[in-house]
Amino acid sequence: MDLSGTDLTTAVVRTARLVLRPPTTDDAAAVTRAMQDPETQRWVTGAPVPYTEDDARAFLDTVLRQRAEGTGLPVVAEADGGFVGTGGLLLGGARHLGPEIGYSVAPWARRRGLAAEVADGLAGWAFAHGAPRVHLVVDVDNAASQAVARRARFTEEGVVRGCLPLRDGRFSDAVLFGRLATD
């Protein structure tokens, strides 16, 4: 990828319905509210349960640091001026697989195709900056997120065994999805 001339601290991605903007500390309350959802807690296993506003502030500090260090493009997704979720593009990961995309849509914004729009928008941004491919991983039991990946034009490439850490110390299998710039 060629990020020369790109200021990751201010980069914004726009899609048909979303603004994918840099997170700010002002997002802590919305992130905290979204993370109260049991379904979100089930799949976002790196987040503590219970999830507090202090946890949200720590998360936001981490993702802001990723932008500043050039290791990621984490975003807050807004629709009609309101928070609808988070997402991101990890830039320093598995070199053969390309940047990794992640997304989480707040419970009040689900079933509108927004997660697929986040994934598609981030993939498009990566391709515009020279990435030949992007990927994402989804827990083998998370059918909804697998459907999101397919709607965002990702191709299922296989199962990666024991790669997703769970809260209890075990690891879950994940479906690997990839998308090429030429797809």
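Where is proline 50 placed? In this predicted model, proline 50 sits in the loop that runs between α2 (38-43) and α3 (53-69). The peptide bond that joins valine 49 to proline 50 is cis, with omega at about 0°. Most peptide bonds are trans, and most residues other than glycine have a negative phi. At the other end of this stretch, proline 38 belongs to helix α2. Proline 38 counts as exposed, because its relative accessibility comes to 60%. Proline 38 and valine 49 are eleven residues apart along the chain, and 9.5 Å separates their C-alpha atoms.

Next along the chain comes α3. With 17 residues at 1.5 Å a residue, α3 should span 24 Å, and the end C-alpha atoms are indeed 24 Å apart, so expectation and model agree. The buried residues of this helix are Ala56, Leu60, Val63, Gln66 and Arg67. These residues take up an arc of only 115° around the axis, so they lie on the same side of α3. The general background is that an α-helix has 3.6 residues a turn, so residues three or four places apart point the same way. The cover over the buried residues of α3 includes β2, α1 (28-34), β3 and β4. On the face turned away from that buried side, α3 carries the exposed residues Asp54, Ala68 and Glu69. Just past the helix, glycine 70 has a positive phi of about 80°.

Then there is β3. Four of its five residues are buried, which means that β3 is largely enclosed by the rest of the structure. One partner is strand β2 (residues 19-21), paired with β3 in the antiparallel sense over three bridges. Within that pairing, arginine 21 faces valine 76 of β3. Another partner is β4, which runs antiparallel to β3 and is joined to it by five bridges. Here glutamate 78 has phenylalanine 83 of β4 as its bridge partner. The hairpin made by β3 and β4 has two residues between the strands, and aspartate 80 in this hairpin takes a positive phi near 55°.

What about the nonpolar interior? The largest nonpolar core holds 36 residues, and the members touching the most other members are Leu20, Leu73, Ile101, Tyr103, Leu136 and Phe154. Two or more residues come from each of β3 (75-79), β4 (82-90), β5, α4, β6 (133-139), α5 and β8 (171-180). The biggest contributor is α4, which gives ten residues. Another core, of twelve residues, lies apart from this one and has Ala28, Leu60, Val63 and Phe83 among its members. Two of those names are already familiar from α3, where Leu60 and Val63 are among the buried residues.

Leucine 20 gives a closer look at the contacts around one residue. Leaving aside residues up to four places away in sequence, leucine 20 touches Ala11, Val12, Val13, Thr15, Val75, Val76, Ala77, Val118 and Leu122.

Phenylalanine 177 offers a second such view, this time from strand β8. Its relative accessible area is 0%, so phenylalanine 177 counts as buried. With residues up to four places away in sequence again left out, phenylalanine 177 is in contact with Val134, His135, Leu136, Val138, Gln146, Ala149, Arg150, Phe154, Thr155, Glu156 and Glu157. Leu136 and Phe154, both on that list, are also among the core residues that touch the most other members. Glutamate 100 is 77 residues from phenylalanine 177 in sequence, yet the two C-alpha atoms lie 9.8 Å apart in space.

Two arginines round off the backbone oddities. Arginine 111 has a positive phi of about 65° despite not being a glycine. It lies in the loop between β5 (100-105) and α4 (114-128). Arginine 111 counts as exposed, because its relative accessibility is 80%. Arginine 153, likewise not a glycine, has a positive phi of about 70°. The loop that holds arginine 153 connects α5 (143-151) with β7 (155-165). Arginine 153 is partly exposed, because its relative accessible area is 45%.

Note on methods
Residues are numbered from 1 along each chain as its sequence is written. This is a predicted model: local features need pLDDT of at least 70, side-chain atom pairs count only at pLDDT 80 or more; totals for chains, interfaces and linings use all residues. Side-chain values use heavy atoms; hydrogens and water are left out. Buried means under 20% relative accessible area, exposed over 50%, partly exposed in between (1.4 Å probe, protein chains only). A nonpolar core is a set of buried Ala, Val, Leu, Ile, Met, Phe, Trp, Tyr and Cys residues joined through side-chain atoms within 4.5 Å. Contact means heavy atoms within 4.5 Å. Two strands pair if DSSP finds at least two bridges between them. The expected span of a helix is 1.5 Å times one less than its number of residues. The arc is that of the directions from the helix axis to the C-beta atoms.
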